[in-house]
Structure formats: C-alpha cells, structure tokens
Amino acid sequence: MATTRANQIDNITPRFALLSDDQKQRIYLGMIKTLNDTGAHVHHDEARDILEQHGARVVGERVFIPPQLVRRALSTVPPTTTLFNWEGEESCRIEIGRTYFGPGPTPPFFIDPDTLERRKYLRKDAAMVARVCDALPNIGYVDSLGSISDVTNGLADLYEHADQIQNTTKPLMSWAFNVENCRDEHRIGIVLAGGEAEFRQRPNFIHYGEPISPLVSDYHAMSKCVYCATHRIPQVYTPCSIGGATVPASHAGQLVVGLSEAMVGVVVAQLINPGTCVVIGGVQSILDMRQSIYSYGAPELSLLSAALTEMVHFCGLPMFSTSGCTDTKTMEAQSGMEAALSIHAAMLSGATFVHDNGYTESGKTGSIFQTVLDDEIIGMARAIQQGIVVNDESLALEQIKRVGPGGHYLYEDHTLEWARRHWRPTLMDRDSYEDWDRKGRPAMRDRVVKKTRDIIENYEGPAARVPADARKQIDAILAEAEERVRSQSRPKQLQ
Amino acid sequence: MSTSSTCSQISEALIAGRQEELLKHIHSALEQGTEAEQIMNEGLVAAMDAVGQRWKAGDMFLPEVIRSAKAMSGAMEIIRPKLIESNVKTMGTFVIGTVLRDLHDIGKNLVAMMMEGAGFKVVNLGIDLEPQVFVDAVKEHKPDILGMSALLTTTMPQMGEVINALKEAGIRDQVKIIVGGAPVTEEFAQEIGADVYAANAAATVDKVKAMMSAA
Ligand code: B12
C-alpha cells in the first residue's frame, strides 16, 4: 500500500505498571534516606576506605552513604553489557527490555532424573542441567539448580563452574564461596576466552553474589564484588529479603530495604571501576507466618519482584528477578500454578534475568523437571507478551470481505502465513479423549518426565568441542584449587 | 482475688503477648503468696501450650506467637530464680548458635525465641562461630541442650566438628545436642552423633520436651 498512517505503531508489547511515578519517587527517596541515615554494615576494609574517601561517613563497620554518591554510581552503570559463551559468540545483552529466564543456584537437594526421588546434588548433575538448559528454547541462561556434594568441601562452586561453562552455548551465571574461588572461576573464563584482555572484551560468564539482609555486606560477598568490579566481570549483587523477618512486612518497606542493601554493591563497584556491569534485584518474598518458611510460591513473590523491577529500572539498572519456583515437593497442580503466575508476572514486568525456574520445596530442592515445565510456561507467557500486531495486513479487511459471511478461512494464504505465529504446545495436552486414552492417559507430570529424559539422552551440547588444551588448563586450575584447600585445612587438623 | 483467677489472668496476658500486664499479674500473684511453681504450671506453661496449639491450628500467626514467647521469656526471668530457690526443676538452659562460616540467622533466632517461649533460659551465641565458642559456652552456661544451626551443605560438617571438640574437651555427655537448618536431615544428625534433629521451630520445642521428659 502506498500510504502509511502518521505515527503508526504496529505492535505494543504489553507491560504492566504497578507503581505510580509518585510511588516510585517515594520508594527511591526511602532508599536514599536509608543509606544516608541508617547506613549499612560493610565488613571489608578496602571497600569501607573507598567509600570514606568519596564522602561516605564511616563509623566502625557502619557506612552511611550520602545521596550524591548513589547518584554518581547510578550515572556510571553501563546501559548495556554483552555476554558471550565460551566459543566467543554473543549470548546475551544485559540491558533493560531484554528478558532471560534461567534456573537458580545451589539448593542442597535435587530430584533424581531416574528415580524422581530427592537426593543430594552430584557433580554429574551440573553438566546435565547445563545441557538440558541448552536444549530448552525458552531458557535464556544457565545455572546449576544445586550445590555439588561429591567434591572436596569448599569447591562445589568451582567444579560447577568448570563443568557448566563447557556444556552450554548460553550465558552462564556462576557463584563462589569466596574470592579465591571467584578468581579461579575467572581464570577458567580467561582460558576459554583466550586471554585476560580477551575476557574483558568478551566476558563468558556473570558472577552471582549476595549481601546479607538486612543491610549487611559481609566480607565474602564484598570481596567478590570488589574482585569482579576490578576485573570487569559482570555481576549480580542481590539479597534474599524475607518480608516480616529480615525486612519490613509492608511491601513498600521491603522494597526500600531490598533496594538499599543491593545499592551498596552498586556504589562500591562503580567507585572501583566506573562502567562495570552490576545487576540488582534478588529473591523478594515473605516469611510464611504459619509454617515459618520463606515462600517461593507466594503471590507476594510475584508482586514484590515486579515492583522491584520497576524500582530498579527507575534507577537505570537491569533487574535480577525470580519466577518458575514453587513450595511443592512433587510435581502437581500447585507447582504449575505457582510457576505460571510468577513467570507471567516476571515476563510482563520486563526483568533482565529471571532466576529460580526449577526451584521446588521453597528453594531447598532443585528439579530439572520443574525447569522443563517452566520452559513451556515461559513460551506461553512470551506469546502473550508479544502483544498484537495491528496493521493493514493483520486487520485482514480484504480477506474478511472475500470470505464473507458463512465462509471459512482455512484455505486462505493469509491463514497459512499468520497461523504459523500461533503458539504451539510441546507439553500441554490438547489431545482428543481417544488419543489421550490410547497413549495411556499421560498426566503433565508424565509428559514432563518423558521430555526431560529424551533431552538428557539425546542432546549433546558443545562440551565435545572444547579444545583438549583448554580442558587441560582447566583441570590444572582445579588441581591447584584442591591443593589450596588441602593446605588451608591442614593447620586446623593439627591443632 | 483467688489464685486461680490470677493464674488465668496470667495466661490471658501471655497468650495476648502483653508483657507489661503479664509481669504486673505475676508480681501481684507472688505478693499474694502464690507459689512460683503454680504460676509456672497453671499460668505460664498452660498458656504457652495453648499458644502452640493455636499456632499449629492456624489460629495464631508467627508474629503473635513471638510476642507471647518474648513475654514468656520476661516472665521466666522473675520466676526462674524463685523456682531454683525452692528446688523446683526448671525447664533448663538452651544454648544455640549458627556454625562457622555460616551467616544464616533467621531460622536460628526463631528456634531460640520458641525455646524461650517454652520456658527455657536461652543463650543465643550468634552466627559464624568457631567450634571453641560452643565448647566455651557449654562450659560456662552448663546448658541442658545445645542447638546448632547450619543452612549450607558446606557448613553442615562444622556441626560434627563441634561435637568432636566437645568430646575432646570431655564434656559431650553433659549436654544433649539438637541440630537443624535447611539442608540438615535426620540421617545426617545421626551420622555426626547429634541426639535429635528438628525440621522447624515448632518441632524443636516438641522434640526437646519429649527428650527432657524421657531423660
Ligand atoms: C535468606 C537466605 C539467605 C540470606 C540470609 C539472611 C539472614 N539474615 O539470615 C543471605 C542472603 C545472607 C544468604 C546467603 C547465602 N546463602 Co542463603 N538462603 C536463604 C534462604 C533463601 C532462606 C533461609 C531462611 O531464612 N529461611 C527462613 C527460616 C525461618 O527458615 P530456616 O532458616 O530454614 O530455619 C528453620 C529450620 O531450618 C529450622 N532450623 C534452623 N536452624 C535450626 C537449628 C536447630 C537447632 C533446629 C533444631 C532447627 C533449626 O527451624 C527454623 C525455623 O522453623 C535459603 C533457602 C531456603 N529455603 O532455606 C537460602 C540457602 C540456605 N542459602 C544458600 C546459599 C548457597 C547461600 C550463599 C552461599 C549464596 C551465595 N552464593 O553467596 C550465601 C552464604 C552466606 C553464608 N556464608 O552463610 C543455599 C544453601 C545451599 C546449600 N547447598 O548449602 C540455600 C538453600 C538457597 C538455595 N536454594 O540455593 N542466604
């Protein structure tokens, strides 16, 4: 058609707005005032010194951060950061407006893929989880869903990192117990990137660290934050705020504290190395006041996460959010309900990373089956998030006229073209009664188990492509770490 | 005013978590010559049992329960010395802490508060504690029960280290040990030679009480 409409927009992706501008402003000012008046504990001498040099008031371990320091930090956070995989291909862009769903780190237990029973998480699980995530179309980054129990105590993080990075082409999120292990993970990244400078240009993982709610940056969390900032490793610095326990039970109060505790990391990182990538957000949910558990299925998790996403965006930062997790112990209707709601909310709020897809039993048990279920839900949520295209072609007035009253659209070229865009289930049951019966009446749980096992058996992943030389260097780093841990624990045993 | 009505006033104030009122009733009951033991059994323990039941039934929720528990702890500070004076068996002392390199605080604090609510004298040592701190605390406070919390698989073995340190110090037999925290299981508790495992704060109180009455 020769003419176009003025200011035409074909497609608006839906986003919901929870907070008004005034509410955002008040929560933001609450954070500014909290950091200035209440301050935070920073158990790290170097970080405290840097903060003091730049105008923060330091009293013992407590740091009071003035507004101008926060604003300065916010002015140097990068608007976009690119992550790469170990093969050096761009794997994601960390920026407001792009959303990557992934699993979460470190639960102590794991659902065994064969027996479906809860057991400890093993080293072999880390590579398997990476491969399955690699195969799932709606999972945008990789994490472990467990902490490895069958390696030297204190090196679970490093083995996980070494195995996962090789088994995926997607971005990897890694955590570390301490700065030594964080440095070793960095060294593995450098080996695969082909050098320190190459790693800076093409970082192949993002570090995940946690301050302690309420308002404490402990030595380990802060030293890793400082290390990552210094070496330009993109990082997530987010608390697990527990509404009613570590932060106020009122949602606004939780947002103020949750935002403040993460902001300490942003300020330190930006002072150390302006322009280094920091993502904030975290697990935001409530303490269930009957069962005294931190609920991963509560509607408040979705509400708080979406609101915090708006606040973090208000500050100009990318958000690390939460979804696809559940309080259930076995896959049942509740697992799907809780995951669907939180995934939908996270999708509509537009967070950058959305973690914990695959967490069950309130974050105590990882389940790759839950991740596979979540992958389907994320697909559905994305179909909604894509919104509706409204233009001359999609309005289809010509087709409507041609088919007229009483006709049908099944023969139309237009249908061939547009029906392709409809979302197609891979797990949802749309069988006829007869087909469903003939297949042995499979429930969602059965279908998820089958799909997951198919992937585990048949999907290879990129690990075989890792050059032998790089593998050798990684093994050497692991061996050195073993030696370090051995020598650290020796004097203890002697005494 | 009859003693039984005072005990019921004590119970009422405790269930409602009104500490000031509770202490007032206790003082006046004592002035009227009510035995500390009676105040404890008919007023305080009865009320906390009711609180526990209501919590489990879902009629009270955690912040309310904690108010009662805190009030109970205040009440016991007055009652405990009197019980000891008159040679009545008290609920005993409970020492609790989170083990070395573990910074998780909330679950441990909840357990501590619930144990206060059950009438124990509670010493909360804090987080990230060297085994020696537990050993010293056992020597100093002579607790009936030692509780250890670990929320990380990597710090769980520290519980075993503490038990070994207690053995080395020759005081393992002097104290019952209860362990808990997200990754801790019944089997693990047995493996390291702890006496009891509890999955949450409510179960802790039940199990400790059962253990004490069996002893
Ligand atoms: C909140 C939280 C934090 C907060 C703690 C804030 C605080 N002030 O306490 C912060 C952010 C600091 C944190 C840090 C870390 N955490 Co954390 N954390 C949690 C989380 C989400 C909730 C814990 C909680 O408070 N629950 C609510 C309370 C009420 O429950 P609870 O602690 O379980 O306690 C109850 C029972 O366990 C029991 N209990 C507890 N103690 C005791 C003691 C006795 C004697 C008894 C009888 C019973 C008992 O009774 C309690 C009350 O009912 C859990 C996940 C989970 N669902 O448990 C992870 C979790 C424990 N953390 C985990 C990890 C990995 C970490 C970090 C290593 C993360 C990182 N990469 O840096 C750091 C480690 C810091 C350190 N050195 O300790 C993992 C542990 C995994 C593993 N394999 O060990 C978990 C399971 C999360 C996960 N799914 O990966 N964490």
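**Figure 1. A close-up of Pro214(A) and its loop in the predicted model.** Pro214(A) sits in the loop that links strand S10 (206–209) to strand S11 (216–217) of chain A. What's the thing to look for here? Check the peptide bond running from Ser213(A) to Pro214(A): it is cis, and its omega is near 0 degrees. That's worth a second look, because most peptide bonds are trans.

**Figure 2. A close-up of Ser362(A), in another loop of chain A.** This time the strands on either side of the loop are S18 (359–360) and S19 (365–366). Which sign does phi have at Ser362(A)? Positive, at about 55 degrees, even though Ser362(A) is not a glycine. For background, most residues other than glycine have a negative phi.

**Figure 3. Helices H8 and H9 of chain A where they cross.** H8(A) covers residues 219–230 and H9(A) covers residues 251–272. Their axes come within 9 Å and cross at roughly 40 degrees. As for the handedness, H8(A) passes H9(A) in a right-handed crossing. On the H8(A) side, the residues to find are Met222(A), Cys225(A), Val226(A), Ala229(A) and Thr230(A). They meet Val264(A), Gly265(A), Val268(A), Ala269(A) and Ile272(A) from H9(A). Sort the residues of this contact by class and you get eight nonpolar, two polar and no charged.

**Figure 4. The place where chain B touches chain A.** Here 17 residues of chain B are in contact with 18 residues of chain A. The area buried between the two chains is about 1,500 Å², and carbon and sulfur atoms give 66% of that. Which residues of chain B lose the most area to chain A? They are Leu103(B), Ile106(B) and Thr154(B), and together they account for 30% of what the chain B side buries.

**Figure 5. Polar contacts and the chain B side of the interface.** Between chain B and chain A there are five residue pairs in polar contact, counting pairs with both residues at pLDDT 80 or more. How many salt bridges turn up between chain B and chain A? The count is zero. Now pick out helix H4 (62–85) and helix H5 (106–117) of chain B: each supplies at least two residues of the side that touches chain A. By class, that side of chain B has eleven nonpolar, four polar and two charged residues.

Methods. Residues numbered from 1 in each chain as written. Chains lettered and ligands numbered in written order. Predicted model: local features only at pLDDT ≥ 70, side-chain atom pairs only at ≥ 80, totals over all residues. Heavy atoms only, no water. Contact = heavy atoms within 4.5 Å. Buried area = accessible area lost by both parts, 1.4 Å probe. Salt bridge = Lys/Arg side-chain N within 4 Å of Asp/Glu carboxyl O. Polar contact = N/O pair within 3.5 Å; in protein donor to acceptor, adjacent residues only side chain to side chain. Helix = DSSP H or I, 4+ residues; strand = E, 2+ residues; numbered from the N terminus. Nonpolar A, V, L, I, M, F, W, Y, C, P; charged D, E, K, R; others polar. Axes fitted to C-alpha atoms, helices over the stretch in contact; angles between N-to-C directions. Left-handed = near helix turned anticlockwise from the far one by under 90°.
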